[in-house]
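Student: I am new to this structure and would like a close look at one part of it. Could you walk me through the backbone of chain B, with its helices and its unusual spots?

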Amino acid sequence: MKVWPIAAAAGLGALIAALAISSGPDPNSVPTPEAVAGRIMSPFCPGLTLEECPSQQAAELRNQIEAKVRSGATNREIDEWVVANYGESAMARPRESMAWLAPAVAAGLGLLALLYLPRRRPSPEPQGAPPEISESDRARIRRDMTEFLRGANE
Amino acid sequence: MDIGLTGRLVVLVALLSALWTCLASAAAVWRRSTRLAISSRRALYATGILVVSAAALLVMALYSRDFSLAYVAGYSSRSTPPLYTLTALWAGMEGSLLFWTLITCLWAGTAVARLSLRQRELAGTATAVLGAILAFFLGLVAFAANPFQPISPIPPDGSGLNPLLQSPFMAIHPVLLYLGFTGFAVPFSFAVAALVAGRLEVGWFTSTRRWTVLAWSFLTAGIALGAAWAYMELGWGGFWAWDPVENASLLPWLTGTAFLHSVLVQERRGMLKIWNVGLILATYCLAILGTFLTRSGLLSSVHTFSESPTGKMFLPFLAVMVVSAFGLLGWRYEKLRSHRHLESMLCREAMFLFNNLLLTTIAFTVLWGTVYPILVEAFSGAKISVGPPFFNAVVVPIGIALLGLTGIGPLVTWRRGSWRSLKRQLRIPLITGSATVIVLAAGLGVRSAGALFGLGLSAFVAAATIGEFVRGARGHRGGGWLGPIKGLVEVVSRNRRRYGGYIVHLGVVLICLGLSGTAFKQTWSGSLAPGQSFSLAGYSIRYDAPRAYSTEEKIVRMAVMTVRKDGEVVARLTPQRNLHLASNQPQSEIGLKSSLTDDLYLVLTQIDLSGTVTMRAWVNPLVAWIWLGAAVMVLGTLVIMSGVGPRGDRFKAARPAAQPLEQVSVPTGVS
């Protein structure tokens, strides 16, 4: 079994995981209010982030976050404040690694299957020479092919 | 006539008819009985006629404002406009299930009518599968979600249609989406039939290709219109929120797209039989999963129907579908195994495999992100969210790789590609892509790395795809200055599937162009008194005055805004904040000035008695290209469609020169 498909698959998995993780906020830096609003699910509109939520309460929460940012709160402090007030479900970026790992693993396994399986030597079904074609079959195939090609050219 | 009672009866008879379709067809296959086969087909057509009648009865009840039916009272009112009275048919759970069944009947009926002779061996089992699917949905409509349920006491007026759904987009979007979802029932049923019969050559999917391509086309248009609806109606400045229901519609689209590519490998090289059957089985199962998720109350989203036990009944159905479909696949595994293998990693087959890897990884990610919160809650009780940042972080990089492949893939030849020829063909696309990046960075001062990369890649893919047209047209060029155009028309019409596919790819490029515009969006929010103005991205926007009037169905309050650019008035917009009387719900109507370069998007969130307004404004560059791109994609599928079927097959067969004789495989040892 070759090693390079495994290496390539692991590489792809690691790349996706790395891209995913690097997209996250640095816990110790002070964010922009828009960045925070973009990664908080609005408690006031189902399925929308706080940045997008058009409700009046969302605007007030955005203002609160802006005030926190102005007072120099870091990403971690703001996230903790949001979770304390609105629960873990307010975090639009899941903080558990399982959520992030699964796609990376799936991509890696997929690539492994792609690189390894189709190149696998065929199973021993087409053993030996193909069955002989009788002369009458051969004539029939020739006739059918001629007819087919003629039909195709019409 | 008591519409409620009649409707209920019609649905019950349709259910019996669907059950007969399923049983008679299965028995016909089992006992090789032509009479039973004919009977089952007739029963399928009868089911269709009965379901159409039931839907017609419900529409009649809606138009006659028959509030003795709970459904009519729940989704329409005396002031509901005529168009939206019709769309109320699919606005609620009960009606939408009936409508879903209706469309499935249309697909099933046309497919069985067209294919029962050409695919005699498969059509029997496929009819049984379609009958079973219809019986399940009719069972739901008859017993769990009855749209003909009477209500007592009869209310004097209905509560009306949700104002958010009163939009031309919402009138068409669900129809297209359902056409897409249910259309996959046809290739699904024929794939199951192929598994049962053990006839896994290309027949099952070449015969159903019309239905698959058409379903995919409807799904594409449906998703695009859904995004347009979200953009125009929901008033949050965007068009895609990775909302569970949007995701549910994207899942079958992703696997369906993968299928449309990978069947080409089986058709050309006889490989990937298991994979192709698996993909189409997964596609329809995902379509059903989406229907289940939106109706189960498991997810909260603006799109979901009200919580009800109906959704829970999908779970056993879905389980039976998945277990039996994939069980069959496992049973036939040995028979399906391909005895061919890749000759090189640089060949068209490998390109399609990579395409499939990326598409299914995206599909898995979207599915995972959508169900992960449900799983976590089920196992630990914790409520968590998986929102847009997750999907963007994982899907965007994979999507970019897929876009790159869209450019490179078509340039690689089958079996064994050559690096030298690929390098030569990539030269112009690479130059185009780099030139785009340089012009954007140096000329227009674009600094966002992501946007530069996205736009550069889009240009690369566009150049590569257009290059294919040019190369093809050159071979057919006639004389005169019209020669190249004649050549283009000639080559496209001779090979519609291929060039239709390239047109779809160009549509994808346009969509990516539109999506990369989101990197440059700018927003403003604040309060304005009449006469005040603000500026955003070169626009100067003045709030002139408030205005209000009332109609039979709503009180309209709007802000009259004058938009100037470079001192000239370019638009007058009137974002509204309306109160719908029947439902007592407030709703915003956006003010939108759209152009190919950017959209100015105004949302009125509040308007008080003194006339002061609270507003949010967005300038969204390039959004219009997304809608254009979707239209181009649909156009491409129409070109493909015109080349599929008996006529199209002749076109394909008309170029034997393209296929060296050694590649024409004569099946040996097959009678």
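Tutor: Here is a tour of chain B, from a pair of packed helices to a few unusual places in the backbone. Please keep in mind that this is a predicted model.

Let us begin with the helix pair. Two packed helices are described by the angle between their axes and the distance between the axes. In chain B, helix H10 covers residues 209-234 and helix H11 covers residues 244-269; they pack at an angle of about 145°, and their axes are 10 Å apart. The crossing of H10(B) with H11(B) is left-handed. On the H10(B) side, the residues that make the contact include B:Trp216, B:Leu219, B:Gly222, B:Ile223 and B:Gly226. H11(B) brings, among others, B:Glu246, B:Leu250, B:Pro252, B:Trp253 and B:Gly256. Sorted by class, this contact has seven nonpolar residues, six polar ones and one charged one.

Next, follow the chain to helix H15 of chain B, residues 348-380. Its 33 residues reach 46 Å from the first C-alpha to the last, which is close to the 48 Å expected at 1.5 Å a residue. Even so, H15(B) has a kink of about 40° at B:Val371, shortly before the proline B:Pro373. Just after H15(B) comes B:Gly381, with a positive phi of about 80°.

Now for the unusual spots in the loops. As background, most residues other than glycine have a negative phi, and most peptide bonds are trans. One place to look is the loop between helix H6 (120-144) and helix H7 (168-183) of chain B, where B:Pro153 lies. The peptide bond that joins B:Ser152 and B:Pro153 is cis, with omega about -5°.

Two other residues stand out by their phi. B:Arg65 is not a glycine, yet its phi is positive, about 50°. You can find B:Arg65 in the loop between helix H2 (34-63) and helix H3 (70-75) of chain B. B:Arg65 has 15 other C-beta atoms within 10 Å, so it counts as partly exposed.

B:Asp566 also has a positive phi of about 50° although it is not a glycine. This residue sits in a loop between strands, with strand S4 (554-565) before and strand S5 (568-573) after it in chain B. B:Asp566 counts as exposed because 8 other C-beta atoms lie within 10 Å, and the cut-off for exposed is 12 or fewer.

Methods
Residues are numbered from 1 along each chain as its sequence is written. Chains are lettered from A and ligands numbered from 1 in the order in which they are written. This is a predicted model: local features need pLDDT of at least 70, side-chain atom pairs count only at pLDDT 80 or more; totals for chains, interfaces and linings use all residues. Axes are lines fitted to C-alpha atoms, for helices over the stretch in contact, and angles run from 0 to 180 degrees between N-to-C directions. Helices (H or I, at least four residues) and strands (E, at least two) are DSSP runs, numbered from the N terminus. A crossing is left-handed if the near helix is turned anticlockwise from the far one by less than a right angle, and right-handed if clockwise. Two residues are in contact if their C-beta atoms, placed from the backbone, lie within 7 Å. Ala, Val, Leu, Ile, Met, Phe, Trp, Tyr, Cys and Pro count as nonpolar, Asp, Glu, Lys and Arg as charged, and the others, Gly among them, as polar. The expected span of a helix is 1.5 Å times one less than its number of residues. The bend at a residue is the angle between axes fitted to the seven residues ending there and the seven starting there. A residue is buried if 20 or more other C-beta atoms lie within 10 Å of its own, exposed if 12 or fewer, and partly exposed in between; C-beta atoms are placed from the backbone.
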